[in-house]
Amino acid sequence: MMKYMNRTTALFLTVVFLNALYSNTLPLHYDEAYYWQWSKHLALSYFDHPPMIAWLLWLAGHFGESVFVLRLVPLFCMTVSGMAVWRLTHEAFGQAAADTLLLLYTFLPIVHIGFLLATPDAPLALFWTLSLYAAWRAVFPRTGDGKAWGWWLAAGILFGCALLSKYTAVLLFPSLVLAVAFSRKRALLFSGRMLAAILAATAVFLPVLWWNWQNSWVSFLFQFKHGIAEEKVFNATYFWEFIGGQAGVLSPLVFLGLLYALFRFLSDNLYDDKLSFFFWPCVFPLIFFCHAAMFKRAAANWPIPAYASGLALLSWWAASRDWRRWKIVSLTFSIFIVLLLKAPGLFPFLPAKAVLTNQFKGEPQIFAKLHLPPGVAFLGDNYGPASLAAYYLPQPSPVWVLSAPRVSMYNYWQQGKELPKEGFYVGRYDEKDDLSRYYAKVERQEDILYQEGGVNRRFFVYKTAQPLEAVFK
């Protein structure tokens, strides 16, 4: 690795180190706390997502339970992902393209968000890029690699790990099939090596298949309904929100540069063996999610792994065509957006709703000061506040979700268990009616107000006793 070290890689590693320090300045996001709860209930899979993030947080937990330690998981994933796609770009296109790629990657807004959040997107980015690299070595073996059986198996295993991270990883497979089909190596699609890679990926993914089989395929059904609209009615608002989201997470000039590189040189990208390998794993997922966004609101982060190969292709065209001015302007703009996200104090004109760090304020600070009597359970109105309470309450307390807008793993963990005899509810919504479905005695307490840095939040508080049902159904 040292022979590749230069100013660009040194800058990247410096930014990684600074992000490690920054990660300790913000409390956990409610999604992170939820996945941390998963790591306390290890399983083959979960209702919401496959299990990889829980397994990684469980491993990190052996070194401590602090925010800093838990966030080493996404930091590691995004760092290795960046180095993997940089190495892939170096092997495919040379040093200049690789350095351009790493500069772009270092200051992408979504990468800086990825450094921070311990969610399934982090291991997905890691194993997607590692799968891509292994597939590259399998399809384009070096002299002495022979038929590259080891790389084919590695590609299958790593793709299986990507599937264990997030279901959207499945889009990588048809993308690579298209990439090889558009090359002179299409005979590989019918080889024993391809079959071995598919079998290896299936074997790695078996835990999720087994869990879903035991639970009536609920996780697959939930994610399918979550991402795909049942009624195909075009909604322009959803579509343009999604496109705007892509421009935001990449930064507008990088996103426009990518679209230009993909379609201005379409013929080369389709029919050059190497370029096709990078083109399809970017374009196919983008087309898939753009189509989904025409009919249902799609999250901006869904197609993020696809940009690994897209940025490599963009970097090749930028380096080969000497887009020096574009690189300078786009990097400057990307850095500005990153500062807006992570150092909003530098921009006092920002409205409170536009400040990303404000999403981390409220429950963590309130729950850290909340002392419950022994045996009294914390009652949450959703998986997020309940998980934050489990992490931040000063003393260990039972944590329950009694009524929520959607199913979560709490429904599985609580099923068939006796309801707590006493509870304490703190939430942003007045849930007296829902609490009264479970408890005969529901007493309103004084509201808690949270005010800091333009954030004003009101928390309703109730004490409950005398459960009406013996067990949770």
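The legends below describe three close-up views of a predicted model.

**View 1. Crossing of helices α6 and α17 in the predicted model.** Helix α6 spans residues 95–106, and helix α17 spans residues 307–320. Their axes come within 8 Å and cross at roughly 125 degrees. Because this angle falls in neither the parallel, antiparallel nor perpendicular range, α6 is oblique to α17. The crossing of the two helices is right-handed. On the α6 side, the contact is made by Ala96, Ala97, Thr100, Leu101 and Leu104. On the α17 side, Leu311, Ala312, Leu314, Ser315, Trp316, Ala318 and Ala319 take part. Sorted by class, the contact of α6 with α17 has 10 nonpolar and 2 polar residues, with no charged residues.

**View 2. Surroundings of Ser183 in the loop between α10 and α11.** The loop that holds Ser183 lies between α10 (172–181) and α11 (192–214). Ser183 counts as buried because its relative accessibility is 2%, where the cut-off is under 20%. A polar atom of the Ser183 side chain lies 3.1 Å from the backbone nitrogen of Lys185.

**View 3. Surroundings of Leu44 in the loop between α2 and α3.** Leu44 is placed in the loop between α2 (30–39) and α3 (52–61). With a relative accessibility of 39%, Leu44 counts as partly exposed. Leu44 and Trp210 are 166 residues apart along the chain, and their C-alpha atoms are separated by 7.8 Å. Residues up to four places away in sequence aside, Leu44 touches Pro51, Trp55, Pro207, Val208, Trp210 and Trp211.

How values were computed
Residues numbered from 1 in each chain as written. Predicted model: local features only at pLDDT ≥ 70, side-chain atom pairs only at ≥ 80, totals over all residues. Heavy atoms only, no water. Axes fitted to C-alpha atoms, helices over the stretch in contact; angles between N-to-C directions. Helix = DSSP H or I, 4+ residues; strand = E, 2+ residues; numbered from the N terminus. Parallel < 35°, antiparallel > 145°, perpendicular 65-115°, else oblique. Left-handed = near helix turned anticlockwise from the far one by under 90°. Contact = heavy atoms within 4.5 Å. Nonpolar A, V, L, I, M, F, W, Y, C, P; charged D, E, K, R; others polar. Buried < 20%, exposed > 50% of the residue type's maximum accessible area, 1.4 Å probe, protein only. Polar contact = N/O pair within 3.5 Å; in protein donor to acceptor, adjacent residues only side chain to side chain.
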